[in-house]
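Got your viewer open? Let's take a walk through this structure, one selection at a time.

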Amino acid sequence: MSVRKGGRNSGYGLYLIPGVLASLAVIVVPLVMTVGVSFTKWNGVGDPKWIGFDNYTRLFHDDLFWASFGHILLLIVAMAVIPTFVGLVLAAVLFDYVAKVLGDRWAKLFRSAYYLPQVLPVAVTGIIWVWILHPSFGALNQILDTVGLGSLSRDWLGDPKYALFSVMGVMIWFQFGYPIVMFMSGLQRVDPELYEAADLDGAGWWQRFRHITVKMIRPELYVVLVTTTIAALKIFGQVFVLTGGGPSNATIVPSYFAYKNFFEKAQVGYGSAISTVLTVMIIVLAIIFLRLQNRSRV
């Protein structure tokens, strides 16, 4: 007796129920509640007071809010643009040179070393970099003094002129291992005959990189850009550990700005408005990237 295809597949929906319920409880319900609270004035205790769009009006006239998004633009460069480009080049070098000359084991070793910051706890890496960048006993200033460049020593995380750029440097170090892993995985599916044909035609390494490597791993390139850009938009832990948004709000970012209003100022409604705007931006950006990716496949 044959079983209809529809009847056989209908049982798969049961396995989706736990995930759907978890998503509702952890994502959808809190998101709806946050949007609702954003239209109120509330300190977290008692009944919220409905004030309509006042929080959003205040938000778009808040210079600190706009400053936080200006910082995010620089962090997108540090967490998405630079790591993607550097990771792409390093992945190609590891795959096309190190693996062939030194062996696949060495390529895997370098890949693991680059990816190590991604698996370490944010608090641990943040504290280590606070020690490295400390103005008095930090390793960076000590090295500069040792090599005769003591005049370049700075209070890297305590000076508003350098704090954001110091955070950017830390984030580049933290982030570029992820693109390397993604791109090396994508390179595994590239047909070796394409490189052999390019070699026979006299193409150099850079030409093979531009015309074969980049084009063939374009799906991975889109994934990396989307995920790293979203990670930059919602960055919190690293800023919290390294600078706490300071000095003088020089490294404040939207997520930390929302946190301060939620927990330090007890302005829950205003903090919810910040979180809602940030969520909308992330969703819109993800949709744009997905459409660009789908269009490139046509």
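## Stop 1: a loop with odd angles

Start by selecting serine 248, which is exposed, with a relative accessible area of 69%. Keep in mind that you are looking at a predicted model. Serine 248 sits in the loop between α13 and α14. Check its backbone: phi is positive, about 55 degrees, although serine 248 is not a glycine. Why does that deserve a look? Most residues other than glycine have a negative phi, and most peptide bonds are trans.

Now click on asparagine 249, found in the loop between α13 and α14. Phi is positive here too, near 60 degrees, in a residue other than glycine. Is asparagine 249 buried or exposed? At 28% relative accessibility it counts as partly exposed, because that label covers values between the 20% limit for buried and the 50% limit for exposed.

Next, select glycine 246 and proline 247 together. What kind of peptide bond joins them? It is a cis bond, with omega at about -5 degrees. Proline 247 belongs to the loop between α13 (237-242) and α14.

## Stop 2: helix α14 and what follows

Follow the chain into helix α14, residues 254-264. Several of its residues are buried, including Pro254, Tyr256, Phe257 and Ala258. Lys260 and Asn261 are on the buried list as well. Just after α14, pick alanine 266, which takes a positive phi of about 55 degrees.

## Stop 3: a patch of positive charge

Select Lys41, Lys49, Arg58 and Lys265, and show their side chains. These residues gather in a patch of positive charge on the surface. Zoom in on lysine 49, which lies in strand β2, residues 49-50. Lysine 49 is exposed, with a relative accessible area of 55%.

## Stop 4: two salt bridges

How many salt bridges does the structure hold? There are two. Here is the idea behind them: side chains of opposite charge can pair when their charged atoms come close.

For one of them, select aspartate 104 and lysine 108. Their side chains meet in a salt bridge, 3.3 Å from N to O. The two residues are four apart in helix α5 (residues 104-119), so about one helical turn separates them. Aspartate 104 is partly exposed, with a relative accessible area of 41%, and lysine 108 is partly exposed as well, at 42%.

Then select glutamate 220 and arginine 189. This pair forms a salt bridge, with the closest N and O atoms 2.7 Å apart. It links distant parts of the chain: glutamate 220 is in helix α12, while arginine 189 is in the loop between α9 (177-187) and α10 (192-200), 31 residues away. Which partner is buried? Glutamate 220 is, at 14% relative accessibility, whereas arginine 189 counts as partly exposed at 44%.

## Stop 5: take a ruler to helix α12

Stay with helix α12, residues 218-233, and use your distance tool on its end C-alpha atoms. With 16 residues at 1.5 Å a residue, the helix should span 22 Å; the end C-alpha atoms are 23 Å apart, which agrees. Now colour the buried residues of α12: among them are Glu220, Tyr222, Val224, Val226 and Thr228. Further along, Ile230, Ala232 and Leu233 are buried too.

## Stop 6: two distances to try

Select glycine 36 in helix α2, residues 13-37. Glycine 36 counts as partly exposed, at 33% relative accessibility. Draw a line from its C-alpha to that of serine 136: the two are 100 residues apart in sequence and 47 Å apart in space.

For another line, go to isoleucine 132 in helix α6, residues 122-132. Isoleucine 132 is partly exposed, at 25% relative accessibility. How far is its C-alpha atom from that of tryptophan 156? They are separated by 9.7 Å, with the two positions 24 residues apart along the chain.

## Last stop: zoom out

Now show the whole protein as a cartoon. You should find 15 helices and two strands. The C-alpha atoms fill a box of roughly 85 × 75 × 30 Å, taken along the principal axes. Finally, colour by accessibility: of the 298 residues, 36% count as buried.

Key. Residues numbered from 1 in each chain as written. Predicted model: local features only at pLDDT ≥ 70, side-chain atom pairs only at ≥ 80, totals over all residues. Heavy atoms only, no water. Patch = residues over 30% accessible without salt bridge, like charges linked within 9 Å, V, L, I, M, F, W, Y side chains within 5 Å. Areas by Shrake-Rupley, 256 points an atom, 1.4 Å probe, with all protein chains shown as cover. Salt bridge = Lys/Arg side-chain N within 4 Å of Asp/Glu carboxyl O. Lys, Arg positive; Asp, Glu negative; His and termini not counted. Charge placed at Lys NZ, Arg CZ, Asp CG, Glu CD. Buried < 20%, exposed > 50% of the residue type's maximum accessible area, 1.4 Å probe, protein only. Expected span 1.5 Å × (residues − 1).
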